[in-house]
Structure formats: C-alpha cells, structure tokens
Amino acid sequence: MKKNNNAQRIGQLSAVAAMMLAGSVHAADAFSSDSEWMTGDWGGERTKLIEQGIDIKMDYVGEVGGNLHGGYNDDKTARYSDQFGLGVALDLQKLWGWDNTQAKVQFTNRNGYNISNDRVGDPRAGTLSSSQEVYGRGHMVRLTQLWIKHQFFDNKLDVKAGYFGEGEDFNTFPCDFQNLAFCGSQVGNWATNIWYNWPVSQAAIRVKYNINDELYAQIGAYNQNPSQLEHGNGFKLSGSGTKGTVLPVELVWSPNPNSLPGEYRVGYYKSTADADDVREDVNGFDAATTGDAYRTHSSKHGYWFVAQQQLTSHNGDKSRGLSIAANATFHDKDTNFIDNYQSVMFVYKGPFDARPKDDVGIGAARIHVNNDVKKNAELLNVANGVSDYDNPVFSPIRETEYNYEINYGFHVTNWLTVRPNLQYITHPGGVDEVDNALVAGLKIQSTF
C-alpha cells in the first residue's frame with residue numbers, strides 16, 4: 001500500500017514538473033516573482049483565455065507538522081500532508097453571451113498523514129482541532145465544485161446551483177493559518193457529521209439578495225449525504241444515501257470604516273436529518289447505563305458569528321496594517337459532540353518596509369466538548385468497570401481543548417508563500433491526562 005502511495009506521489013510530482021517545464025518553454029515570465037502564476041502567462045495565451053472567459057486554476061498546499069514536545073506520544077517525528085487543485089472558472093457571458101452567468105469546475109487530490117492523530121492526541125480520543133488543516137477526507141481525487149451562477153434584477157438577486165460545499169458561501173473564512181481552528185468555515189469543523197467542508201461537495205442551491213452595497217442576506221439548501229465521505233465516492237452525483245437537508249441562512253455586512261475593509265456574518269443552520277442524542281436512550285435514561293439505543297432527534301441546529309476588520313493602515317498604505325478576526329459557533333446540546341467554539345486572530349500585513357507583502361499572525365481558540373458527552377464517557381467507564389486511564393477499554397474524559405498559533409508568511413513570489421509556524425495545544429482532545437503539545441509547522445501555498 002505504501003509503495004502504491006509513493007508511486008502516486010511521484011506521478012503527481014512528475015505532472016507538476018511537466019507543467020512547470022511547459023510554462024518555462026512557452027512563456028518568458030515563468031517563475032517570475034512578479035507573475036501571479038508559477039508557470040507564467042504561457043506566452044500571453046493565459047491572459048487571452050481569461051479575456052475569452054476561461055480562467056484555469058492550478059494550486060498546491062503542503063503542510064509539515066512535527067511534535068517538538070509533549071502530546072500523547074513524545075516520540076518525535078514529522079508528518080506531511082498536501083492537496084493539489086485543478087479547475088476552471090468560466091465567464092459564460094464572454095463565452096456564450098449568457099448575461100451575468102458564471103460557472104466553475106474544481107478537482108482536488110489530498111494525500112499524506114497528520115501529526116495530530118497519534119502523536120499529539122490520544123488515539124482513543126484524537127484531537128478536536130488538527131495541526132495540519134489540509135489533512136482529511138481521504139487520499140483520493142474529488143469533484144469539489146461543479147456549479148453555475150446567475151444574477152438577476154441588476155445583480156440584486158444571485159442564484160447558484162450544482163455541487164459545492166456550504167463553507168464556500170456561508171460562514172466563510174480565509175485559510176492562511178495551519179491549525180484547523182483558525183482555517184476556513186468553522187461550523188463545518190464542529191457541526192458533527194452534517195456540514196461538509198472543502199473538498200467534499202453536495203448537491204446544493206444558494207440564493208443571495210443584495211440589500212445594498214454593504215449588506216446582503218442569503219439562504220441555502222444542501223443535500224446531507226454521508227456516503228459522499230466514503231473512499232471512492234469523490235465523483236458521486238446520485239442522491240442514494242441521502243439522510244436529509246442542511247438549511248443555512250446568513251446576514252453579511254461589509255462596512256468600510258475609515259476606508260478600511262470589514263466583514264461581519266451572523267447565521268443559523270438546521271439539519272432535517274435524524275440525529276442521535278449524545279447521552280439519553282429511547283426512554284430518556286442514560287444509554288451508557290441501560291445499554292438501550294440512543295434516543296433519536298428529528299433534526300439538529302446551531303448558529304455562528306464571524307467578524308473581520310482591518311484596524312490600521314501602514315503609513316497610508318491600506319494594503320498593509322493590522323487586522324483582527326473572531327469566530328464563534330454554538331451547537332445543539334442534545335445531539336452535537338462540540339457545543340461551542342470561539343477564536344480570535346491578529347494579522348499584520350507588511351510588517352517591514354523591506355518586505356511589504358509578508359505577514360505575521362497570531363491566534364487563540366477554545367473548543368468545548370458537550371458536558372453530556374463527558375458524562376456519557378464517565379458512565380461508560382463505570383458500566384465497563386474501569387477507572388484507570390491507561391486501561392485500553394477506558395473512555396477518555398473530554399472537556400476543553402485550546403489551540404494557539406503564531407506564524408510568519410514569507411511572500412517569496414506572487415505565486416509562492418512559505419509560512420513557518422509554531423502551535424501550542426493545551427489538553428489535546430480535551431483530555432487532561434494528555435500533556436500539552438508544542439508543534440512546529442510549515443505551510444506552503446503555491447499557484448501554478
């Protein structure tokens with residue numbers, strides 16, 4: 001199995017190298033630090049394609065995580081995970097004369113391993129966040145986006161339909177930090193088994209209405225189909241395995257105080273699929289004690305808040321300066337493993353005149369396990385007659401995990417950012433018996 005993975009990786013790297021070589025042959029600006037693409041403009045052909053409505057997307061994210069100290073297993077090692085992306089964005093007005101219509105197709109391929117799984121966290125409990133956010137959803141190629149979008153009534157109404165994930169439009173957030181607690185849509189990280197973030201797609205429709213230049217409201221409907229998570233189902237388009245529908249609604253305000261950009265989101269989601277109670281059985285008693293099946297609820301829900309605001313400019317340059325961001329999610333206490341999460345981040349872009357495109361970031365996050373999950377584990381241990389944490393049958397008691405990250409983004413070129421980082425995880429997995437962990441990370445972001 002490992003040999004096959006290595007062969008696959010060699011094939012992928014060979015393909016990337018071929019693209020890079022092709023770019024260097026056909027375009028003088030390949031590898032230019034001023035180009036936004038590593039392979040350059042292909043002798044001007046890439047720009048011509050964009051002008052015609054065809055924008056080819058090729059990108060790569062690679063992440064290294066090494067355990068420097070602490071964690072469940074302090075046997076030091078490093079793990080590498082990555083993601084290749086290939087897609088195309090289409091302006092159908094330019095291509096076929098379809099007014100105010102766009103489409104996109106995107107494929108992703110993930111590989112590698114995660115330092116959090118067996119070094120930072122107890123394998124019986126794992127960690128709540130992940131020190132390598134790009135890890136997950138299987139070593140496979142997935143169809144991540146296949147959608148068409150049209151604007152009506154002078155762009156007041158925006159309708160998008162096809163296959164895509166909730167986090168593209170709802171509870172959206174950048175992904176420059178390496179720790180998962182600071183990256184992307186956080187609802188998808190903590191809304192157990194219903195909201196699937198990138199790279200998983202679902203049959204979906206999203207309707208947005210622009211109230212004015214600073215304010216819009218949107219609502220969506222996403223097919224909730226757990227079978228799409230399974231290995232080999234990366235291109236599944238059928239509805240077999242559907243359990244219900246995820247219905248998010250959101251209000252988004254984008255003010256510009258002092259001409260500095262900001263964005264504020266507040267939203268709510270509901271899943272119509274059945275969801276098991278985390279503690280009670282069908283009769284309302286403790287399932288861990290009675291041994292009866294867990295009670296089933298007809299739905300689950302939650303809500304979120306996201307704030308991003310640039311606070312300062314740097315000597316009048318608004319592309320540089322200090323920004324703050326905050327996230328908070330709250331979830332159904334009857335059915336959800338995590339009941340609440342909060343984070344705050346500070347990023348300074350252009351900290352040095354000699355490196356005006358670099359950035360430095362620092363963040364802190366708190367992830368709290370539902371108290372009923374803790375109680376359920378305590379009751380399971382009593383029922384199994386175990387109290388020793390080192391007993392393999394023991395169910396670890398999980399409460400709150402804290403994640404911290406500091407990073408520095410070296411803007412090497414317009415197509416390459418290298419971001420070394422240090423992460424500190426307190427109570428990995430929310431388990432007090434696991435030592436706090438220090439992780440060294442390196443995130444590479446490149447556009448081909």
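Author: Strands are DSSP runs of E with at least two residues, numbered from the N terminus. Arg79 belongs to one of them, strand S2, which covers residues 78-91. The model is predicted.

Reader: Why does Arg79 count as buried?

Author: Its relative accessibility is 19%. Buried means under 20%. The value falls under that cut-off, so Arg79 counts as buried.

Reader: Which residues does Arg79 touch?

Author: Leaving out residues up to four places away in sequence, its contacts include Glu63, Val64, Gly65, Tyr113 and Asp118. Arg119 and Gln132 are also among them.

Reader: How far apart are the C-alpha atoms of Arg79 and Gln93?

Author: They are separated by 45 Å, with the two positions 14 residues apart along the chain.

Reader: Strand S2 also holds Gly87. What makes Gly87 buried?

Author: Gly87 has a relative accessible area of 9%. The limit is 20%, and 9% is under it, so the label is buried. Beyond its neighbours within four places in sequence, Gly87 is in contact with Asp55, Ile56, Lys57, Val105 and Gln106. Its C-alpha atom is separated by 8.5 Å from that of Thr108, 21 residues apart along the chain.

Reader: Why does Leu311 count as partly exposed?

Author: Leu311 has 43% relative accessibility. Buried stops at 20% and exposed starts over 50%, so 43% lies in between and the residue is partly exposed. Leu311 sits in the loop between strand S12 (300-310) and strand S13 (321-331). It touches Leu260, Leu322, Ser323 and Ile324, with residues up to four places away in sequence not counted.

Reader: What about Glu433: why is it partly exposed?

Author: The figure for Glu433 is 42%. That lies between 20% and 50%, so partly exposed is the right class. Glu433 is in the loop between S17 and S18. Its C-alpha atom and that of Gly71 are separated by 9.7 Å, and the two residues are 362 apart along the chain.

Reader: What is notable about the phi of His427?

Author: It is positive, about 55 degrees, although His427 is not a glycine. Most residues other than glycine have a negative phi. His427 lies in the loop between strand S17 (416-426) and strand S18 (435-447). At 25% relative accessibility it falls between 20% and 50%, so it counts as partly exposed.

Reader: Where is Asn100?

Author: Asn100 is in the loop between helix H3 (92-96) and strand S3 (101-112). Its phi is also positive, near 55 degrees. With 30% relative accessibility, Asn100 is partly exposed.

Reader: How do you know which form the peptide bond from Trp198 to Pro199 takes?

Author: Omega is near 15 degrees, and the bond is cis. Most peptide bonds are trans. Pro199 is in the loop between helix H5 (187-190) and strand S6 (202-210).

Reader: Why are Tyr389 and Phe394 called an edge-to-face pair?

Author: Two values decide. The centres are 5.9 Å apart, and the planes make 65 degrees. Pairing needs centres within 6.5 Å, and edge-to-face needs over 60 degrees, so both tests are passed. Tyr389 and Phe394 are both buried. The whole structure has 16 aromatic pairs. Ring pairs also link Phe164, Phe170 and Tyr222 into a cluster.

Reader: What lies over the face of Tyr389?

Author: Arg124 does, at 4.7 Å from the ring centre. The distance limit is 6 Å, so 4.7 Å is within it. Lys160 lies over the face of Phe164 in turn, at 4.4 Å from the ring centre.

Reader: How many cavities of 30 Å³ or more does a search of the whole structure find?

Author: The search finds one. The largest cavity holds about 60 Å³ of space.

Reader: Which residues line the largest cavity?

Author: Among them are Arg142, Leu143, Val200, Gln228, Gly234, Phe235, Lys236 and Leu237. By class, the lining has four nonpolar, four polar and two charged residues. Gly counts as polar, and Lys and Arg count as charged. Therefore Gly234 falls in the polar group, while Arg142 and Lys236 fall in the charged group.

Conventions: Residues numbered from 1 in each chain as written. Predicted model: local features only at pLDDT ≥ 70, side-chain atom pairs only at ≥ 80, totals over all residues. Heavy atoms only, no water. Phe/Tyr/Trp six-rings, centres within 6.5 Å; stacked < 30°, edge-to-face > 60°. Buried < 20%, exposed > 50% of the residue type's maximum accessible area, 1.4 Å probe, protein only. Lys NZ or Arg CZ within 6 Å of the ring centre and 35° of its normal. 1 Å grid on protein atoms, 1.4 Å probe; cavity = no way out; pocket = protein on both sides within 12 Å on 5 of 7 lines; lining within 4 Å. Points joined across faces, edges and corners; volume = space filled by probe spheres on them. Helix = DSSP H or I, 4+ residues; strand = E, 2+ residues; numbered from the N terminus. Contact = heavy atoms within 4.5 Å.
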